[in-house]
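Work through the two exercises below with the sequence and the structure open. Each task is followed by its solution in steps.

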Amino acid sequence: MAKLTRLDDIVSLCKRRGFIYQSSDIYGGLASCYDYGPLGVELKRNVRNAWWKAVVQMRDDVLGLDCSILMHPMVWKASGHADKFADLVTLCKKCNTRTRVDHLADGEQTGAQEHTEHIDIDIAAGQQHDLSGKKCPACGAVGQFSKPMAFRLMFETQMGANVDDTMTLFLRPETAQGIFVNFRNVLDSARVKVPFGIAQIGKSFRNEVTTKAFIFRTREFEQAELEFFCKPGTDEDWYAHWKQQRFDWYLNLGIRKDNLRFRDHDPDELAHYAKACVDVEYKFPFGSGDWQELEGIANRTDYDLRQHQRGMRTMNDWFEQKGDLSKIALKDEDDNYIKGPLAYFEEQTRDRYVPYVIEPSAGVDRSTLAFLVDAYDEEEVKGEMRNVLRFHPHLAPIKAAVFPLVKKDGLPEIAMNLYNGLKGHFNCFYDEKGAVGRRYRRQDEAGTPFCLTIDGQTKEDNTVTVRDRDSMAQSRIPLDQVKNFLREKLDL
Ligand code: GAP
């Protein structure tokens, strides 16, 4: 029987086999930053491609976009991030550890409360919280905390070489805003009609107070986000639609149903822009409660487009205040905001409205971790432990490995010929070193669904042994049928 997966086993396999390494490893590592190795980069690309295929390619109502990471600072003023995207933190007076206030457990509880992601904070306002009964997760001291303060989550950087024209920018904390500020561009250039969506995959950055569990919560990460624009009044139906689509996506890629669930946000948990939000949660093998957010699906209403209309009206103040965002107050909309530049005119009904937005927002790294955890298995075979990653074929970094049984008798030449014929169609791997049993085990650990072995019989009847990763069963198929066999089995 498969044993319970521990995160440590996954981390060690990831390093050993070249899925994921600590960033800047040779210098002792950079906390909460990770690099994807030769197998990891393929796995992550396959996760991205699977998302893009389901959300963009297979839909007639979703278009793609790739925005710059650096954007005009007013984007973040209008979106609310400049004033609200912060964590409330406190410092333990005993051990100097900084902790998120919402992650503090009561004195008698063990462990930290790490269920929630971010809750909006008013950065400018003072913060009142009674922490007298709370316990430091690092040293256990109770009630020894400093006054809570807001800690801004956006990274700052400078743009421009000259002192006079240098301006402070933020690295984007979500890809979504790039979509909102391009709504009009896409509408005008792609001639689409509401309802439609714009999708984007890209890096986001957050100076997280609490990073966690390998690639689960890091300071640089990748998001796959869809902003689906719809007519107000139809938003609840689209919310239900995308909720189901996104849940099924994980199941279709092999995540076990027992490990996946929805969790509706409580009203006091909702982000400043959301009317409703549900998380798709995965039962990760770490943390206080196991169940952790994998993806959020939010009804963002018309909040963002209306905010950007207000932002556009406020641009003069931006120049007058020399870009000091803290001195700028967004101008109110006029009563005619439904005729504003980011509003929509529906020709058929002659209705004007600012579209509502349904947003499924997934983490590429976080789903990659979930796929790794869910695929990981250890089993005893003939008295030896075998580690195997039972990836869905679409996600497997290598689709097939080709081996000559021995390094002589012309077998490597036949195997190399087969490999060369396959590699233009599938990501394949050629290996002629060591005992064939060990080569199988190495591919099991990489999650390769099929191994193809050329042996003495190949020279007699032009057949090849196919070994299945999951069942370890072996069968023979004609050499000239291998490509079709893989195509059919891998559903590519
Ligand atoms: N645009 C909405 C938004 O960004 P979010 O819940 O803050 O919502 C969406 O983020 C998803 O992005 C999360 O469900 C998670 O998968 C991923 N994510 C967020 N912060 C992350 C971090 N620090 N490290 C890794 N993934 C993260």
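**Exercise 1. Give the strand order of the open sheet, then place the helices that pack on it.**

Step 1. The open sheet has seven strands, ordered β3-β11-β12-β18-β15-β14-β13, with mixed pairing. Strands pair if DSSP finds at least two bridges between them; helices (H or I, at least four residues) and strands (E, at least two) are DSSP runs, numbered from the N terminus.

Step 2. At the edges lie β3 (62-64) and β13 (260-264), each pairing on one side only. From one strand to the next, the twist averages 25°.

Step 3. Strand β11 (residues 196-205) runs antiparallel to β12, joined by ten bridges. Opposite glycine 197 stands phenylalanine 228 in β12.

Step 4. Helix α2 (residues 38-57) packs on the sheet and touches β3, β11, β12 and β18 (356-363); contact means heavy atoms within 4.5 Å. The direction of α2 makes about 160° with that of β11. Axes are lines fitted to C-alpha atoms, for helices over the stretch in contact, and angles run from 0 to 180 degrees between N-to-C directions.

Step 5. α6 also packs on the sheet, touching β3, β11 and β12, at about 135° to the direction of β11.

The model is predicted: local features need pLDDT of at least 70, side-chain atom pairs count only at pLDDT 80 or more, and totals for chains, interfaces and linings use all residues. Residues are numbered from 1 along each chain as its sequence is written, and side-chain values use heavy atoms, leaving out hydrogens and water.

**Exercise 2. Decide how many residues of helix α8 (residues 303-313) are buried.**

Step 1. Eight of the eleven residues are buried, meaning under 20% relative accessible area (1.4 Å probe, protein chains only). Among them are Tyr303, Leu305 and His308.

Step 2. The buried residues of α8 pack against elements including α3 (73-79), β12 (220-230) and α9 (315-320).

Technical notes:
Buried < 20%, exposed > 50% of the residue type's maximum accessible area, 1.4 Å probe, protein only.
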